[in-house]
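Work through the following exercises with the sequence and the 3D structure at hand. Each task is followed by a solution in steps.

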Amino acid sequence: MEKWTYEKAGVSVEAGYEAVKRMKAHAARTKIPGVLEGLGSFGALFEVPQGYKEPVLVSGTDSVGSKVQIAFETDIHNTIGIDCVAMCVNDIICMGAKPLYFLDYIGIGGLDPQKAELLVEGVSEGCVLSGCALIGGETCEMPDIYKPGEYDLVGFAVGIAEKSKLISGKNIAAGDKLIGIASSGLHSNGYTLVRKLASLKGIGYNEFIEQLGKTLGEELLTPTKLYAKLIGELTDNYNIKGIANITGGGWVENIPRMLAADNLKMRLNKTMAPVPEIFKLIQDWGNVDELEMYSTFNMGIGMVLCVSAADADIVVSAINSTNEKAYEIGVVDECTKGDKNIVII
């Protein structure tokens, strides 16, 4: 009878050991006060910081989505981990949370320790940029599920906030202003449509696009911007009433999510912020309706804040004094029954 082993069936235990060994060095650079154990234990330990009267843990989980397909086809894997962190951390900071720690999950066909290390290199960079620690994760080798060379990357983030300082949107009122903070590009949304259109137009990821000043692959693999440190500074110094992370669903779905009342709506002026060239190209490639664009992509705005009219100018100035760009893009208005909760003009 033929003898079988786990490795013969397609799963290399030794490769797993080597991958973890490589990952530990990257996780170590993210260590912050509160981390009690490094990678390798059965559970990740983090001590709740002192100084909170009523600490609330805020968690979020997400994946990179089909953006990983661009990484497969360009064989660039050291930035996609930044996207994974951003997809989770940029959500929890909308609640006023300070990121504490992050865990990742890599589902992969055949475990290549070097490729796994590149993925975690990106994750650790995202954690450093967010001020949180990478304290655990899981790598699962499934050759029957994933094609050779392919993988999925999923993350889980936990942050903390004082209960009395949670940002719930309950104080948003008519007359408040909406401030958009620039994105770094598409971030990690709408890639199924982008890949389809590029394929139909016969445009390869290594093709140089004059309007972009770079290859299509370079543009599409630009990491999602991480806003944790900026938002932390703003919430410490100003009364931020609401925050929206512009991810899947674009402006149309995400900006109204900060509203806690049904009698309010967001009135946005799309001409108040520049639209990066990549979005113009996508719209042209597919003859995409404008509403569809604003329902799918961030259109150059990665985060939207709601502040009182009296605070709008000073908050915009504070953001622009950093390396970020901010624009006043709208106002909160009263609405009557039957009105939409967002109007884009």
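## Salt bridges

Lys-270 and Glu-290 form a salt bridge, with their closest N and O atoms 3.5 Å apart. The pair links distant parts of the chain, 20 residues apart: Lys-270 is in the loop between β9 (264-268) and α9 (277-286), and Glu-290 is in helix α10 (residues 290-296). This is a predicted model, in which local features need pLDDT of at least 70 and side-chain atom pairs count only at pLDDT 80 or more, while totals for chains, interfaces and linings use all residues. Residues are numbered from 1 along each chain as its sequence is written, and side-chain values use heavy atoms, with hydrogens and water left out.

**Exercise 1.** Find which parts of the chain the salt bridge between Asp-176 and Lys-241 ties together.

*Solution.*
- Apply the criterion: a side-chain nitrogen of Lys or Arg within 4 Å of a carboxyl oxygen of Asp or Glu. The side chains of Asp-176 and Lys-241 meet at 3.1 Å, N to O.
- Locate the residues: Asp-176 lies in the loop between β4 (151-162) and β5 (177-182), and Lys-241 in the loop between α7 (228-237) and β8 (242-245), so the pair ties together parts that are 65 residues apart in sequence. Helices (H or I, at least four residues) and strands (E, at least two) are DSSP runs, numbered from the N terminus.
- Check the burial: Asp-176 and Lys-241 are both buried (under 20% relative accessible area; exposed is over 50%, partly exposed in between; 1.4 Å probe, protein chains only).

**Exercise 2.** Describe the salt bridge between Lys-280 and Glu-277.

*Solution.*
- Take the distance: the closest N and O atoms are 3.4 Å apart.
- Place the pair: both residues lie in helix α9, three residues apart, about one turn of the helix.
- Classify the accessibility: Lys-280 is partly exposed, with a relative accessible area of 42%, and Glu-277 is partly exposed at 34%.

## Aromatic pairs

**Exercise 3.** Classify the ring pairs Phe-46 with Tyr-101 and Trp-251 with Tyr-294.

*Solution.*
- State the rule: rings of Phe, Tyr and Trp (its six-membered ring) pair if their centres lie within 6.5 Å; planes under 30 degrees apart count as stacked, over 60 as edge-to-face and the rest as tilted.
- Phe-46 and Tyr-101 have ring centres 5.3 Å apart and planes at 35°, so the pair is tilted.
- Trp-251 and Tyr-294 are edge-to-face, at 4.9 Å centre to centre and 85° between the planes.
- Trp-251 lies in helix α8 (residues 250-254) and Tyr-294 in helix α10, so the pair ties together parts that are 43 residues apart in sequence.
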